[in-house]
Amino acid sequence: MIRVQHQLALREAETALQCLNGQLEERVRERTQELEILNARLTKMALYDALTELPNRIFFIDSLARAIAESTDNATSFAVLFLDCDRFKTINDSLGYGVGDELLKAVADRLQSLLRPTDLLARIGGDEFAILLTPMSTASTITQSANQILDALSTRFQLENYEIFISVSIGIALSNSQSNSAEQMLRNADTALYRAKTQGKAQYQVFDESMQASVLQLLHLETDLRKALQQEEFFLHYQPIISLATGRIVGLEALIRWQHPHRGCISPALFIPIAEETGLIGRIGEWVLEEACQQLRTWQQQVLQDYPLFVSVNVSARQLVQPHLIDHIDRVLQETQLNPGYLKLEITESVIMENPQLTAITLEKLQKRSIQLSVDDFGTGYSSLSYLHRLPAQTLKVDGSFVQSIDVDGERLELVQAIVGLAWNLGMEVVAEGVETTKQFAQIKALKCDYAQGYLFSKPLPAEAIAQLIAQSPQW
Ligand code: C2E
Ligand code: MG
Ligand code: MG
């Protein structure tokens, strides 16, 4: 009896044990699954970018390292393209991060659609993308790809509420360019990218060893630029703008100069792009406006009396989207007591095209204050004429590169003629920039331009020399 009871208890215990075992196994299976899912998520987080779902920098470096290890000969078997959206910060600052994110996703999609299955696209950071083109046969196929990307990204992006035009700059490092590590190769591509940016953006540059030194120099320049305002190294030159009807000076364009303590005078064509890229243009631009308005006010009181001269101040893309731009202009006008009708702001055509909606709002506010507006460097930007007529700009400045070739190039002459005709139709006045010869002068007169500016009349001059010039009351 006792034995039977024992056996029964034993069987019960066995069944309970089996049951427990089953439960335990089930638990282990569940946990393993959970762990696998977690692991996959962690890997994804570690190797992919959350916004675009593209591989990230770590993934890219890893793949690049493998490509380097596998490349056996010295021929160009693959290439790294480092891309950066030009003036992306302007879009973020003006339209908000939501739109910026939407745009980045659209850029990623468009890039992906251009690539082959063997290529790898990654998001490296902010608005930076990298592409590993592999396999590549010749250097020319690489530059072809780069051109294709530049083209594809310069066409309009239609986002939910905005249409946006952007451009990108590309730095290229080829696999045979002495780079032994993936990090080094990406750095080389980044160096070439920096060169592409400083050479005017919207282009590609292929890395070569000589770039390193000049990029370093530019980086030094950036450091010096940060100190330049404080150390009062900037000053303004003024270039007369002539009325073709009277032959007399009607306005002055303020042009910034930088007297570098060791390197002498540095051209704004070199440092303004750096100032824009680093955001320093905000303070520099404010200084230019203050100085130019103050100077004109002084001239009005000392030499001009009732002679109505305007001052033209260049405003860059980054400034135009700064929310406090209008407040600052108001304050300067208030402090200097300058009549806003004597202030003209020059804005390049491409700036307007980059961000037409926001620009239009700012420009309207300026118009309400009777501040005049000029579209600068016309002919070099997107030339989207359809926007032009919606802008409250009174003047159009034909870029000097056009004007300087009208005496030798019939096609250019026709083009300038067409631009003048267009401006007339839109009720705008035309300034011909960069007039250097008497022949060009005669031609722009015949074309019925309204104003002219150029070395033929006067180079940009320091304020004291301008005061003397005005006192002589010259006529051309
Ligand atoms: P921009 O506004 O188109 O200015 C005209 C440029 O053409 C000036 O160059 C001027 O010196 C030059 N120029 C005038 N007449 C002639 C000529 O007959 N022949 C030739 N070859 N050139 C002529 P600069 O002063 O070197 O300025 C270059 C650019 O830098 C300006 O082009 C403007 O975009 C920018 N910049 C200058 N000052 C400022 C500033 O205060 N703020 C901003 N944001 N940009 C500025
Ligand atoms: Mg200008
Ligand atoms: Mg210009």
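Guide: A residue counts as buried under 20% relative accessible area, as exposed over 50%, and as partly exposed in between (1.4 Å probe, protein chains only). This is a predicted model, in which local features need pLDDT of at least 70 and side-chain atom pairs count only at pLDDT 80 or more, while totals for chains, interfaces and linings use all residues. Residues are numbered from 1 along each chain as its sequence is written, chains are lettered from A and ligands numbered from 1 in the order in which they are written, and side-chain values use heavy atoms, with hydrogens and water left out.

Visitor: In which helix is confidence lowest?
Guide: pLDDT is the predictor's confidence in each residue, from 0 to 100, and the chain averages 88, with 95% of the residues scoring at least 70. Helices (H or I, at least four residues) and strands (E, at least two) are DSSP runs, numbered from the N terminus. Strand β8 (residues 234–243) has the highest confidence, at 98. The lowest mean, 64, belongs to residues 385–388, helix α14.

Visitor: Which residue bridges the magnesium ion (ligand 2) and the magnesium ion (ligand 3)?
Guide: Donors are N, O and S atoms within 2.8 Å of the metal (3.2 Å for Na, K and Ca); water is not among the atoms, so sites may look incomplete. The protein donors of ligand 2 are Glu253 (OE), Asn314 (OD1), Glu346 (OE) and Asp376 (OD), at 2.1 to 2.2 Å. For ligand 3 they are Asp376 (OD), Asp377 (OD), Glu433 (OE) and Glu433 (OE), at 2.0 to 2.6 Å. The two ions lie 4.0 Å apart, and the bridge between them is Asp376.

Visitor: How many residues apart in sequence are the parts that Asp376 and Glu433 tie together?
Guide: The donors of ligand 3 follow the spacing D-D-x55-E. Asp376 lies in strand β13 (residues 372–378) and Glu433 in the loop between β15 (429–432) and α17 (438–446), so the parts tied together are separated in sequence by 57 residues.

Visitor: Is Asn314 buried or partly exposed?
Guide: Glu253 in strand β9 (residues 249–260) and Asn314 in strand β11 (residues 310–315) are 61 residues apart and link distant parts of the chain. Glu253 is buried at 4% relative accessibility. Among the donors of ligand 3, Asp376 is buried at 5% and Glu433 is buried at 11%. Asn314, at 27%, is partly exposed.

Visitor: What radius of gyration does the chain have?
Guide: The radius is taken over C-alpha atoms, and the globule rule is 2.2 Å times the number of residues to the power 0.38. For a compact globule of 476 residues it would be near 23 Å. The C-alpha trace spans about 135 × 55 × 45 Å along its principal axes. The radius of gyration of the chain is 31 Å.

Visitor: How many disulfides does a search of the whole structure find?
Guide: A disulfide is counted when a pair of cysteine sulfur atoms lies within 2.5 Å. Cys85 is buried at 3% relative accessible area, and Cys265 is partly exposed at 49%. The number of disulfides found is 0.

Visitor: How far apart in space are Thr359 and Leu391, C-alpha to C-alpha?
Guide: Thr359 belongs to helix α13 (residues 356–368) and is buried at 3% relative accessibility. Leu391 is 32 residues from Thr359 in sequence, and their C-alpha separation is 8.9 Å.
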